[in-house]
Amino acid sequence: MRAFVFDTYQQPAHEADVPEPVVGDQDVLIRVEAASLNHLDERIRSGEFRAILPYRPPVTLGHDLAGTVIRTGRHVSGFGIGDRVYARPRDFRIGTFAERIAVDQADLALAPASVSTVEAASLPLVALTAWQALVDAGDVRAGQKVLVHAGAGGVGTIAIQLAKHLGATVAATASGKNADFVRELGADVVIDYRTQDFRAELSGYDVVLDPLGAENVLASLTVLRPGGKVVGISGPPTPAFAKTAGLNPVVRLATAALSRKVRATAKRLGVSYEFLWVHASGAQLRQLAQLVDAGVVRPVVGATFPFDQTLQALQSLGSSSIRGKAVIELPGRPA
């Protein structure tokens with residue numbers, strides 16, 4: 001079976017012939033028809049998250065997919081052969097840059113009926129990130145104010161739409177050329193990060209979603225109202241996360257050191273910071289599919305690549321200015 005893997009941390013990924021997936025009693029075997037690209041794949045390959053996710057290479061990359069069910073385990077219910085599905089497989093069971101993958105049924109949902117396979121594949125990881133940041137961690141309510149950084153990116157495009165659905169007033173940072181685009185998604189206020197300092201423009205926010213990392217998290221703390229929260233998805237990780245994840249004592253100490261400045265600043269300002277590591281959830285994907293089919297959330301696909309160009313597509317992630325998501329299309333994908 002064709003797949004794209006890495007054999008050693010920090011070494012380039014490559015195409016390989018890998019064994020067919022083993023289908024357990026709770027698993028659904030899926031023919032992958034499209035899979036989207038995520039910075040998380042490159043960060044895992046580079047070893048950045050090795051302490052948190054100690055994968056044992058070789059590892060097939062890829063964190064989300066859309067495709068068709070071709071076999072089910074004997075204890076699977078709710079899915080049948082021929083179903084059109086989408087998923088973000090759980091950690092240590094990733095591998096969507098392959099022709100087929102076995103996914104635990106708990107991580108799987110029927111794909112939204114109103115969008116294409118490519119659009120469905122663009123959603124799972126970023127839509128779950130937006131949901132878990134705004135609904136679970138942020139508890140966003142109608143009338144609140146939400147700031148979404150990198151509003152034209154994969155997470156940002158979905159988070160803006162979801163925050164508006166939840167009744168929030170939404171600000172977003174984006175480049176000037178993307179300002180109208182993020183307004184169309186629902187942003188009420190757009191900050192051009194190249195020419196404006198959001199700290200000078202915004203105040204009294206309830207929740208900030210930050211995909212950029214420690215320095216931007218520190219800056220974001222200053223625009224919160226007392227009791228507000230920054231949810232960070234790029235770090236720094238916190239001791240609370242390390243404890244929940246069951247990480248070893250050495251890693252817990254390291255996370256404490258990495259996030260000490262952020263946590264101290266948050267405490268001084270009377271606000272909070274939470275590091276979010278997104279988990280797989282078929283149940284949440286079902287709710288998100290309903291929002292897509294209702295026209296509340298629309299996928300944003302900025303580029304597509306053939307399966308043969310997966311490596312080039314991965315290498316372009318850091319330098320591209322793609323709006324929304326880039327998606328890999330596999331041969332033989334239905335129209």
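This report describes the two largest pockets of a predicted model.

## The largest pocket: place and size

The largest pocket holds about 1,300 Å³ of space. Where does the largest pocket lie? Domain 1 (2–124 + 279–329) and domain 2 (138–275) both contribute residues to its lining, so the largest pocket lies between them.

## The largest pocket: lining

In total, 46 residues line the largest pocket. Nearest its centre are His-39, Ala-150, Gly-153, Gly-154 and Pro-211.

Several elements each supply at least two residues of this lining. Three are helices: H1 (39–45), H3 (124–137) and H4 (154–165). Two are strands: E10 (169–174) and E16 (325–329). By class, the lining of the largest pocket has 21 nonpolar residues, 18 polar residues and 7 charged residues.

## The second largest pocket: size and centre

The second largest pocket has a volume of about 470 Å³. Its lining is made of 20 residues. Closest to the centre are Pro-19, Pro-21, Thr-60, Ile-94 and Gly-95.

## The second largest pocket: lining

Which elements give two or more residues to the lining of the second largest pocket? They are strand E1 (2–6), strand E4 (59–60) and strand E7 (100–104). Strand E7 gives the largest share, with 3 residues.

The lining of the second largest pocket has 15 nonpolar residues. Another 2 are polar, and 3 are charged.

Technical notes: Residues numbered from 1 in each chain as written. Predicted model: local features only at pLDDT ≥ 70, side-chain atom pairs only at ≥ 80, totals over all residues. Heavy atoms only, no water. 1 Å grid on protein atoms, 1.4 Å probe; cavity = no way out; pocket = protein on both sides within 12 Å on 5 of 7 lines; lining within 4 Å. Points joined across faces, edges and corners; volume = space filled by probe spheres on them. Helix = DSSP H or I, 4+ residues; strand = E, 2+ residues; numbered from the N terminus. Nonpolar A, V, L, I, M, F, W, Y, C, P; charged D, E, K, R; others polar. Domains from an automatic or database assignment.
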